[in-house]
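Biologist: I'd like a close look at one part of this model, namely the stretch that follows the last strand. After that, tell me what else in the chain deserves a look.

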Amino acid sequence: MIRYRFGQDDLLRTRFAIAPLMELIGAFYVLRQPERYVVHRRWVEWAAPRVRHIAPALLDAAAPFGGSYWPVFLSPPPQVPHPTIEAELARVRETPPDAAAAEIRARYPDRVPAAARPFVDDPARALRELVRQLRALGDAALAPRWVTISALLESEIAGRARSLVTVGSRAAFADLHSSVGWEAGCLCVQPTAKAAAEVDLAGRGLILIPSAFTWPTVWPRTDPPWDPA
């Protein structure tokens, strides 16, 4: 179980945001294993032919299925409510090379496979190529539908904002997902493939990120130095 422990200031600083790169990584997962994501079947039928010419080898190596750790630099928690994908790609490109290499090593603690070695051997160059692959995938599979997708995400945020005003702060956490609940001052996520964690928000608040493509799971963010989300 993951527990986000709230203090009084954390409720005041909890905020909503949209994460274009999280949507892009989620869309990439859907395209790799469409049989697991039946709700996206019509989107896959549209998107799959558009991405056949794209070979995102570094993305595939850095964002594999499974495991208890997922490199966060691929899709860092957003710093503003509705960033553009170009702004988020710039953040990926500006990731400190040592930090990117460390996250890849954490993802592959026993041995970094050959496909992921560029992040360790020449991380600055690998980050530039990763951004190129992300942009190509986003242009083909996400950008043409982004107005519709972002409108869906914005409507979720607007609905929860209304609940905050009319019901109170706990309305932000009601019915987030079947695996998410409020318990004794903590927001709890269970079960999850990610390692169990106790996260003291310590006045930072929590970022709540609606997503179209992470279904049927949620993607908790708990690893420093990234903002909890």
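Modeller: Let's start with P216, which is found in the segment after strand 6 (residues 207–208). Helices and strands here are DSSP runs, numbered from the N terminus: H or I with at least four residues for a helix, E with at least two for a strand. W215 and P216 are joined by a cis peptide bond, with omega at about 10°. Follow the chain along and you meet P225, also in the segment after strand 6. The peptide bond leading into P225 from P224 is cis too, and its omega is near 5°.

Before going further, some ground rules. This is a predicted model, numbered from 1 along each chain as its sequence is written, in which local features need a pLDDT of at least 70 and side-chain atom pairs count only at 80 or more. Totals for chains, interfaces and linings use all residues, and side-chain values rest on heavy atoms, with hydrogens and water left out.

So how confident is the predictor, in terms of average pLDDT? The chain averages 92, and 100% of the residues score at least 70; pLDDT is the predictor's confidence in each residue, on a scale from 0 to 100. Compare the elements and helix 7 comes out with the highest mean, 98, while helix 1 (residues 8–13) has the lowest, 87.

Now step back from the prolines to the strands, where the backbone does something else you may want to see. A184 sits in the loop between strand 3 (180–183) and strand 4 (186–189). Its phi is positive, about 50°, although A184 is not a glycine. A184 is exposed because its relative accessible area is 73%; the cut-offs are under 20% for buried, over 50% for exposed and partly exposed in between, using a 1.4 Å probe on protein chains only. Another alanine, A202, tells a similar story. Look for A202 in the loop between strand 5 (197–200) and strand 6. Phi of A202 is near 55°, again a positive value in a residue other than glycine, and A202 counts as exposed because its relative accessible area is 59%.

Next, the charged side chains. The whole structure has 12 salt bridges, each one a side-chain nitrogen of Lys or Arg within 4 Å of a carboxyl oxygen of Asp or Glu.

One of them joins the side chains of D60 and R32, with N and O 2.2 Å apart. Since D60 belongs to helix 4 (residues 57–62) and R32 to helix 2 (residues 20–32), this pair ties together parts that are 28 residues apart in sequence. D60 has a relative accessible area of 37%, so it is partly exposed. R32 is partly exposed as well, at 25%.

R135 and E86 give you another bridge to find, their closest N and O atoms being 2.9 Å apart. R135 is in helix 8 (residues 123–141) and E86 in helix 5 (residues 85–93), so here the parts tied together are 49 residues apart in sequence. With a relative accessibility of 28%, R135 counts as partly exposed, and E86 is partly exposed at 41%.

For a bridge inside one helix, turn to R41 and E45, whose closest N and O atoms are 3.2 Å apart. They are four residues apart in helix 3 (residues 41–47), so about one helical turn separates them. R41 is exposed, with a relative accessible area of 51%, and E45 counts as exposed at 51%.

Salt bridges also link up: R3, R5, E183 and E198 form a network of them.

Last stop, helix 7 (residues 118–121), which holds D121. D121 counts as exposed because its relative accessibility is 53%. For a sense of distance, take D121 and A87: they are 34 residues apart in sequence, and their C-alpha atoms are 26 Å apart in space.

To come back to your stretch after strand 6, mark the cis bonds first: W215 to P216, then P224 to P225.
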